[in-house]
Amino acid sequence: MRKAVFLDRDGTLIRDRPGYYLRRPQQLKLYKNAPLALRRLSRAGYRLVVLTNQAGVARKILTPATLEKIHRRLRRNLLARGVRLDAIYHCPHAPEQRCRCRKPQTGLLRRAQRRFGFSLAHCYVVGDKASDLEMARRVRLPAVFVLTGHGRAEIRQGRIARSVPKAADILGAAQWILKRSRKPSGSVTDAG
Ligand SMILES: [Zn+2]
């Protein structure tokens, strides 16, 4: 059985806040709890797949080469802390291009699923934006919303339903997933 956690990048794994755009590798800062959270998921057999919207490429805020460098640094930082990301998929388009990969569209997730053959019945989504939750909903995956990054602002703006499971950060999200995935099948729907 191949299972994965689909992770948002900015505001979930690395520092982000409303009005900010990561455009240089040197600016990249992992959240303190991210390595531990990812190690735990990985040890439980989850593949770690990052899905990230990077409209900055379409808007020429950053080049594809710079984005590549940012992702190399992200992988390296995590590797130094014992975490291997299985894949990073990004959407380089702007919203007005109406592509099929920009979250909440499901193109990135589907691409990962095709490549790795994940069984969606055992996958999860973690993110700090309503678009992450909406993507999860479209493929019927359970999602955990994190309060880091844009999380609190999204809640304040009324974009996040009360019933959505929430965690303080990526470590809380990992714990939620691990607790839930240990439950015998059949009871998974009452989690939360
Ligand atoms: Zn796209």
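Arginine 98 sits in the loop between β3 and α4, and this is a predicted model, so what follows is read from computed coordinates. The phi of arginine 98 is near 50°, a positive value in a residue other than glycine. Most residues other than glycine have a negative phi, and most peptide bonds are trans. Arginine 98 is also exposed, with a relative accessible area of 74%.

The loop between β3 (87–91) and α4 also holds proline 104. Here the peptide bond running from lysine 103 to proline 104 is cis, with omega near 15°. Lysine 103 belongs to the loop between β3 and α4 as well. Is lysine 103 buried or exposed? With a relative accessible area of just 3%, lysine 103 counts as buried, because the cut-off for that label is under 20%. Leaving aside residues up to four places away in sequence, lysine 103 touches Asp8, Leu51, Thr52, Asn53, Ser131, Asp132 and Met135.

Glutamine 105 is another residue of the loop between β3 and α4. Its relative accessible area is 32%, which makes glutamine 105 partly exposed. Again not counting residues up to four places away in sequence, glutamine 105 touches Cys99, Arg100, Met135 and Arg138. Computed along the chain in residues, so to speak, glutamine 105 and proline 95 are 10 apart, and their C-alpha atoms are 11 Å apart in space.Helix α5 (residues 130–138) comes next. The buried residues of α5 are Ala130, Ser131, Asp132, Leu133, Met135 and Ala136. Ser131, Asp132 and Met135 are among the residues that lysine 103 touches, and Met135 is also touched by glutamine 105. As for the packing, the buried residues of α5 sit against β2, α4 (107–116), β4 (124–127), β5 (143–146) and α6 (151–156). Just after α5 comes arginine 140, with a positive phi of about 60°. Arginine 140 lies in the loop between α5 and β5, and is a residue other than glycine with a positive phi. The side of the burial scale it falls on is exposed, at a relative accessible area of 78%.

Helix α1 (residues 34–43) pairs with helix α7 (residues 170–182): the two axes come within 8 Å and cross at roughly 15°. That angle makes α1 roughly parallel to α7, and the crossing is left-handed. On the α1 side, the contact is made by Ala34, Leu36, Ala37, Arg40 and Leu41, while α7 brings Ile170, Leu171, Ala174, Gln175, Ile177 and Leu178. Sorted by class, the contact of α1 with α7 has 9 nonpolar, 1 polar and 1 charged residues.

Which residues of α1 are buried? They are Ala34, Pro35, Ala37, Leu38 and Leu41. These residues cover an arc of only 160° around the axis, so they lie on the same side of α1. The cover over the buried residues of α1 includes β1 (3–7), β2 (46–53), α3 (64–79) and α7. Just after α1, glycine 45 takes a positive phi of about 95°.

Methods: Residues numbered from 1 in each chain as written. Predicted model: local features only at pLDDT ≥ 70, side-chain atom pairs only at ≥ 80, totals over all residues. Heavy atoms only, no water. Axes fitted to C-alpha atoms, helices over the stretch in contact; angles between N-to-C directions. Helix = DSSP H or I, 4+ residues; strand = E, 2+ residues; numbered from the N terminus. Parallel < 35°, antiparallel > 145°, perpendicular 65-115°, else oblique. Left-handed = near helix turned anticlockwise from the far one by under 90°. Contact = heavy atoms within 4.5 Å. Nonpolar A, V, L, I, M, F, W, Y, C, P; charged D, E, K, R; others polar. Buried < 20%, exposed > 50% of the residue type's maximum accessible area, 1.4 Å probe, protein only. Arc of directions from axis to C-beta.
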